[in-house]
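Colleague: Could you take a close look at the salt bridges in this one and walk me through them?

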Amino acid sequence: MKFFYVFINIKGALYTADWIKFNQCALQEDQDITSKAELDTILKKHPDWNRFYQAKVFTRSKHIRKICPDNVESLNRLIDDLKLDYNVNLIVTSDKWKDAFDIKAIPALVKNGLNYKDLVIDKTSNKAKSTTDGIKNYLEQVGNPQNYLIIDYTEEIAKNFDQNKVIIVDQYATGLNNELVDNYLDSVEEMNYVENNNLEYDNEISYVVE
């Protein structure tokens with residue numbers, strides 16, 4: 001099978017500002033420092049997070065709890081679908097997560113539920129001047145394939161790559177979620193159908209979360 005490269009900025013995609021706020025608030029509440037009212041506000045804003053509070057995910061090690069298991073599950077959804085047709089490589093683009101790749105990034109992903117069976121986990125170069133340069137250099141090194149997807153939260157990425165190969169996430173509230181994944185997979189299926197049937201596909205697709 002051909003290779004497919006998924007580039008991911010862990011910050012924003014797999015943990016958000018709201019998720020970090022939840023962890024901080026829950027940890028303080030657990031230590032009787034923060035008022036219960038503040039935690040209730042957080043949980044009401046994101047009702048599904050109540051189960052994370054009950055499971056005390058906020059008591060895990062710092063790097064592990066930074067990542068939201070729900071966002072990882074959405075990533076699994078994407079990877080598992082792509083694995084039907086490709087050998088999937090997951091490439092980390094976040095500078096801080098690349099700095100301690102083996103001792104921080106990989107364990108944090110795996111312990112939050114990443115389905116790493118038959119998955120190659122790699123990173124862009126630490127010497128890259130920017131995320132864009134890191135991705136372009138990586139793609140060049142593997143032969144400039146067309147089978148790739150970039151998951152990020154910065155407009156820089158949206159401006160420098162084909163928008164059909166980019167998912168821009170909301171770094172504050174949702175991160176990578178099932179809706180974004182399903183929209184992307186639906187668009188890939190549609191484009192493959194058009195290509196296989198010698199049709200024209202001229203619609204611009206955007207995965208930007210407003």
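Modeller: Sure, definition up front: a salt bridge here is a side-chain nitrogen of Lys or Arg within 4 Å of a carboxyl oxygen of Asp or Glu. Bear in mind that this is a predicted model, where local features need pLDDT of at least 70, side-chain atom pairs count only at pLDDT 80 or more, and totals for chains, interfaces and linings use all residues. Residues are numbered from 1 along each chain as its sequence is written, and side-chain values use heavy atoms, with hydrogens and water left out.

By that rule you get six salt bridges. One of them joins Lys98 and Asp95, with the closest N and O atoms 3.7 Å apart. Both sit in helix H7 (residues 95-99), three residues apart, about one turn of the helix. Helices are DSSP runs (H or I, at least four residues), numbered from the N terminus. Lys98 is buried, at 4% relative accessibility; buried means under 20% relative accessible area, exposed over 50%, partly exposed in between (1.4 Å probe, protein chains only).

Now for a pair that reaches across the sequence. Arg77 bridges to Asp182, the closest N and O atoms being 2.8 Å apart. Arg77 is in helix H6 (residues 69-82) and Asp182 in helix H11 (residues 178-196), so this pair ties together parts 105 residues apart in sequence. Arg77 is partly exposed at 37%, and Asp182 is partly exposed at 26%.

Then there's Lys56 with Asp30, at 2.9 Å between the closest N and O atoms. Lys56 lies in the loop between helix H4 (50-54) and helix H5 (62-66), while Asp30 belongs to helix H2 (residues 17-30), so parts 26 residues apart in sequence are tied together. Lys56 is partly exposed, with a relative accessible area of 38%, and Asp30 is partly exposed with 34%.

How values were computed. Helix = DSSP H or I, 4+ residues; strand = E, 2+ residues; numbered from the N terminus.
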